[in-house]
Amino acid sequence: MYRVVAKTKWWVGIMLAALLLTGCTAKADQLEVVYPKYSDSFFDAFDTMTQVVAYTENEEQFQQYVEQIHKRFLELHRLYDIYNNYEGLNNVKTINDRAGSEPVKVSQEIIDLIQFSKQWYDQVGETNIAMGAVLELWHDYREAGIANPDQAKLPPMEKLKQAAQHIDFSKVIIDEANSTVYLADAKMSLDVGAVAKGFATELVAQEMKAQGMNSFMISAGGNIRSVGKPLDGVRQRWGVGIQNPNKFIAMEEDNLLDTIFIRDASVVSSGDYQRYYTVNGVNYHHLIDPKTLLPGNYYRAVTVMTEDSGLADFLSTVVFLLPYEQSAALVKTLDGVEVLWVMPDGTVKATKGMQKMMKSHGATGARAS
């Protein structure tokens, strides 16, 4: 594991969610407590880079917090893993492996994740974690296409339709009294990729707040959660850079589409440039529309801002997979949710609440426009 600690200006390279954390300036309040800023990164959870930036009394305190965060992310990574087994641990892969066979006793974190996902799926649709049979086909063809570009192929629609017969969320049976999960269809499987990182980030953020950590930001592969404000005596909000999907090269400042300023909130992006492969000169990304069984093509990217990181992660897929009129109408029904859409031609649409947080509309780290 490679780790970097720094007190200087920092940038978060985004692997999957197309976001960069950025600094800003505002009028200082000389009466505020001011702490030094530290950052640290780890790369061994959820197959992505996770960065923690915080203002703490000293570096020793910061490192103690980071060790707790790192340990917890590793625990949650193993629990939500759909690809690997771990000795002595029942995880989401265990549930999939025993589909149609027997209930699996699991930790509360898994039950909470599934119930959260079902609650929001029932409410808004689109993001179905029981869609594993379809997503697995796309995953396998994508991996094969990346490994051998000249032989890249699309999953046959006939196979996709067959897999789609096994994505009924009602067949995910939870027994809370016995802490078990059972997939009643032997050919179905769970894929929690659309929500797991955000859900884990929110869980860790809440746990660290309870530990007394009160000025920090976590970016787990771009699933960003801020707590409190930067204790630099200057800013009231954190700056989060929104990646330009047409210039997706991490770590470069001029690749930002805009910057939004948040406090005690989460920001998650989904886009067609994050995970894809090319077939006959056409890129096919990983965000699959449950209606067509093909990648959604309404936008280049969307960015969701709301307090809960799990919900921001979940909704980023939902709003990406709906036509703009439906997507915007849905967002209007959701309290505390703001969205930015990047259209196929590169134009940007945003909710009024999102506009108030955008640098391009006059917002700063000190105030919103």
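Me: Which residues have the most contacts inside the largest nonpolar core?

Reply: This is a predicted model, and its largest nonpolar core has 71 residues. Helix α1 (residues 59–80) gives the largest share of this core, nine residues. Those with the most contacts inside the core are Phe 73 and Tyr 80.

Me: What does Phe 73 touch, leaving out residues up to four places away in sequence?

Reply: Some of its contacts carry low numbers, including Phe 42, Ala 45, Phe 46 and Thr 50. The rest of the list is Ala 200, Thr 201, Val 204, Ile 218 and Ala 220.

Me: How many residues are in the other core that lies apart from this one?

Reply: Val 53, Ile 260, Ala 265 and Val 267 are among the members of that other core. Its count comes to 21 residues.

Me: Let's zoom out. How much of the chain counts as buried?

Reply: The secondary structure comes to nine helices and 16 strands. Among contacts between residues at least 6 apart in sequence, 65% join residues at least 24 apart. As for burial, the chain has 369 residues, and the buried part is 56%.

Me: Which strands sit at the edges of the eight-strand sheet?

Reply: That sheet is open and antiparallel, with the order β2-β3-β7-β8-β11-β14-β15-β16. From one strand to the next, the twist averages 10°. The strands that pair on one side only are the edge strands, β2 (37–45) and β16 (348–350).

Me: Which residue in β14 stands opposite Ser 270?

Reply: Strand β11 (residues 266–271) and β14 run antiparallel, joined by six bridges. Opposite Ser 270, in β14, you'll find Val 302.

Me: What angle does α7 make with β11?

Reply: Helix α7 packs on the sheet, where it touches β8 (223–227), β11, β14 and β15 (338–342). Helix α1 lies across β2, β3 (48–55) and β7 (216–220), at about 20° to β2. For α7, the angle with the direction of β11 is about 30°.

Me: Now the three-strand sheet. Why do β4 and β5 each have a side without a neighbour?

Reply: The order in this open, antiparallel sheet is β4-β6-β5. β4 (104–105) and β5 (172–175) stand at the edges, so one side of each is left without a neighbour in the sheet: each has a single partner strand.

Me: Which helix packs on that sheet?

Reply: β5 runs antiparallel to strand β6 (residues 180–183), with four bridges between them. Within that pairing, Asp 175 stands opposite Thr 180. The helix touches both β5 and β6, and its direction makes about 130° with that of β5. It's α3 (residues 108–124).

Me: How far apart are the end C-alpha atoms of α4?

Reply: Helix α4 (residues 132–147) has 16 residues, and at 1.5 Å a residue it should span 22 Å. The distance in the model agrees with that: 22 Å.

Me: What do the buried residues of α4 pack against?

Reply: The buried ones are Gly 132, Ala 133, Val 134, Leu 137, Trp 138, His 139, Arg 142 and Gly 145. In general, an α-helix has 3.6 residues a turn, so residues three or four places apart point the same way. The buried residues of α4 pack against α5 (157–163), β12 (276–279) and β13 (282–285).

Me: Which residue takes a positive phi in the hairpin of β12 and β13?

Reply: These two strands pair in the antiparallel sense over four bridges, and the bridge partner of Tyr 276 is His 285 in β13. On β12, Tyr 277 and Val 279 make the covered face, while Tyr 276 and Thr 278 make the uncovered one. The hairpin has two residues between its strands, and the positive phi, near 50°, belongs to Asn 280.

Me: Is Glu 126 buried or exposed?

Reply: Glu 126 lies in the loop between α3 and α4, with a positive phi near 70° even though it isn't glycine. Buried means under 20% relative accessible area. The value for Glu 126 is 15%, so it counts as buried.

Me: How far apart in space are Leu 321 and Ile 288?

Reply: Leu 321 sits in the loop between α7 (309–320) and α8 (324–332), and it's buried, with a relative accessible area of 1%. Its contacts include Glu 126, Ile 288 and Tyr 298. Leu 321 and Ile 288 are 33 residues apart in sequence, while their C-alpha to C-alpha distance is 7.8 Å.

Notes: Residues are numbered from 1 along each chain as its sequence is written. This is a predicted model: local features need pLDDT of at least 70, side-chain atom pairs count only at pLDDT 80 or more; totals for chains, interfaces and linings use all residues. Side-chain values use heavy atoms; hydrogens and water are left out. Buried means under 20% relative accessible area, exposed over 50%, partly exposed in between (1.4 Å probe, protein chains only). Contact means heavy atoms within 4.5 Å. A nonpolar core is a set of buried Ala, Val, Leu, Ile, Met, Phe, Trp, Tyr and Cys residues joined through side-chain atoms within 4.5 Å. Two strands pair if DSSP finds at least two bridges between them. Axes are lines fitted to C-alpha atoms, for helices over the stretch in contact, and angles run from 0 to 180 degrees between N-to-C directions. The expected span of a helix is 1.5 Å times one less than its number of residues.
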